[in-house]
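Please look through the sequence and the model shown here. The text after them goes through the model step by step.

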Protein chains: 2
Amino acid sequence: MSKIQHRNLYGEVADRVRNMIERGELASGERIPERELCDTFGVSRTPLREALKVLASEGLVELLPNRGARVKQLTYKMVKDTYDLMGALEGLSGELACQRISDEGIDAICALHDEMLSFYRERKAMEYFRVNQQIHESLLNASGNDVLLEMYNNLSQRVKRVRYSKEMSEDYWRRAVEDHEEMIVALKQRDSKRLGQILRDHLCNKLEVASLTDVIDVEQKRSAAAS
Amino acid sequence: MSKIQHRNLYGEVADRVRNMIERGELASGERIPERELCDTFGVSRTPLREALKVLASEGLVELLPNRGARVKQLTYKMVKDTYDLMGALEGLSGELACQRISDEGIDAICALHDEMLSFYRERKAMEYFRVNQQIHESLLNASGNDVLLEMYNNLSQRVKRVRYSKEMSEDYWRRAVEDHEEMIVALKQRDSKRLGQILRDHLCNKLEVASLTDVIDVEQKRSAAAS
DNA sequence: CAAAGTTATTATGAATGCAAAATTCTATTC
DNA sequence: GAATAGAATTTTGCATTCATAATAACTTTG
């Protein structure tokens, strides 16, 4: 399912700006200089402004009338709210996946799970994360709910830029793995209610945010000083 | 909390087009004639095109490269998916509301509930719907999760145009009211898990869709014939 | 008369232009 | 020297223009 290459300029520009925000090349709260970006992209203002409007409706950018665009500030509350929401969506994905996933799909996720476990035992955090994410994505896809997928991707995009700086305690990690063990059991039994419950309460959605407090505070201070 | 009047033309236009889609003045799948709409609104193409891009990212409109904008077709599956999602969001709103709502807030919802009950007894469907909606909105607001509210409103907007043609069976209505009775009990006890569960399973999210099958089929046939 | 090719028309995508608002810079006053 | 008023500059919002792609109309040909 490769994406249709949009040859539309505004779509291309939107992607680029999304990436810049994600990587922090445009910092939170920072003004987005229209003219300047146009020059770097080599496009006129029209497609850039269209892109900014789209990004605003995606929640990445804020448009102040007659005062230009800013990268939307991520407050602690906003990130927390987003994670709560993503938890609910993952819960739904689990419920639906239980009902719709094929036996082969379950096998595939079990394989990913085993892979993740071995990375856990070897304390390979990066690899663990990658596979962990794959598992959650697999459930999302198996849910067969396209609107759900779209919403989840949007929410995920909004908080991507803070996710990098995550620190993980040993205790948190252990409990996350325990959650995953339970998830696999529920999935094999196709116990949708149970899998939904586990995913909604899954540690990722709760503790991860707690560890971000200072990161976001720092970010806010920096941009406050800049203004 | 009155909305800030955006003096931006594109925002105004987006609102107008949203309304037109909601009311069916622009039918599902229908081409959106740029020039024509510009004339009726008395604006140039720039703000209209900006608005269309926003509406596309809201999922109301589809933009085909070099082939203009169309009102997004609502398939049965899409509406079903959306309702499933809204159910999950309402569930979360209930969980959060239980934790955050004030005692006065609970009283207010109980009052709405009683009002709704009396409309049910008198079989006043329109009034029942209005109050019913108020209850769910109250929970959404009491959740204190702004991102949740934003997402819910977006989803709700997407399916608004089919909601009107809802037919309600006596049996469905009775069970919906029973759900609401249970909701009130859970809310008073601040039993967040329970309220969440009820809301997720609430009939509105499931049966309402079933009764829409033919409506959407008709709509699809009509627009298929037009194309 | 139907089908395919060609031209004419229209619609879309993007750049440019222009007026109004906002910001910055300068100068004047206390 | 700080504060305010005013001019100059920049930025924003929208309209207009222009090139290109898509569609419709019209031939032409089998």
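The paragraphs below deal with the two DNA strands and then with two pairs of helices.

The model is predicted, so local features need pLDDT of at least 70 and side-chain atom pairs count only at pLDDT 80 or more, while totals for chains, interfaces and linings use all residues. Residues are numbered from 1 along each chain as its sequence is written, chains are lettered from A and ligands numbered from 1 in the order in which they are written, and side-chain values use heavy atoms, with hydrogens and water left out.

Begin with DNA strand C. It is surrounded by 16 residues, where a residue is near a strand if one of its heavy atoms lies within 4 Å of it. The closest are L9(A), S44(A), T46(A), R45(B) and R49(B). Of the strand C atoms within 4 Å of the protein, 69% belong to sugar or phosphate, and the rest belong to bases.

Several polar contacts involve this strand; a polar contact is a pair of N or O atoms within 3.5 Å, and within protein one must be able to donate a hydrogen and the other to accept it, with residues adjacent in sequence counting only if both atoms are side-chain atoms. In its side chain, R31(B) has an N or O atom 3.1 Å from a phosphate oxygen of DNA strand C. N66(B) uses a backbone N or O atom, which lies 3.1 Å from a phosphate oxygen of DNA strand C. R45(B) instead places a polar side-chain atom 2.9 Å from a base nitrogen of DNA strand C. Two or more residues of the surface near DNA strand C come from each of α3 (45–57) of chain A and α3 (45–57) of chain B; helices here are DSSP runs (H or I, at least four residues), as strands are (E, at least two), numbered from the N terminus. The largest share, three residues, is that of α3(A). This surface has three nonpolar, six polar and seven charged residues, with Ala, Val, Leu, Ile, Met, Phe, Trp, Tyr, Cys and Pro counted as nonpolar, Asp, Glu, Lys and Arg as charged, and the others, Gly among them, as polar.

Now turn to DNA strand D. Around it are 17 residues, the closest being R45(A), R49(A), L9(B), S44(B) and T46(B). Sugar and phosphate make up 72% of the strand D atoms that come within 4 Å of the protein. A polar side-chain atom of S44(B) is 2.4 Å from a phosphate oxygen of DNA strand D, and a polar backbone atom of L9(B) is 2.5 Å from a phosphate oxygen of this strand. For N66(A), a backbone N or O atom lies 3.0 Å from a phosphate oxygen of DNA strand D. α3(B) gives the most to the surface near DNA strand D, with three residues.

The remaining topic is helix packing. Within chain B, the axes of α6 (residues 125–142) and α8 (residues 170–188) come within 13 Å and cross at roughly 30°. Therefore α6(B) is roughly parallel to α8(B), as angles under 35 degrees count as roughly parallel, over 145 as roughly antiparallel, 65 to 115 as roughly perpendicular and the rest as oblique. The contact of α6(B) with α8(B) has nine nonpolar, three polar and no charged residues.

Between the chains, the axes of α9 (residues 192–201) of chain A and α9 (residues 192–201) of chain B come within 13 Å and cross at roughly 125°. That makes α9(A) oblique to α9(B).

Conventions: Axes are lines fitted to C-alpha atoms, for helices over the stretch in contact, and angles run from 0 to 180 degrees between N-to-C directions.
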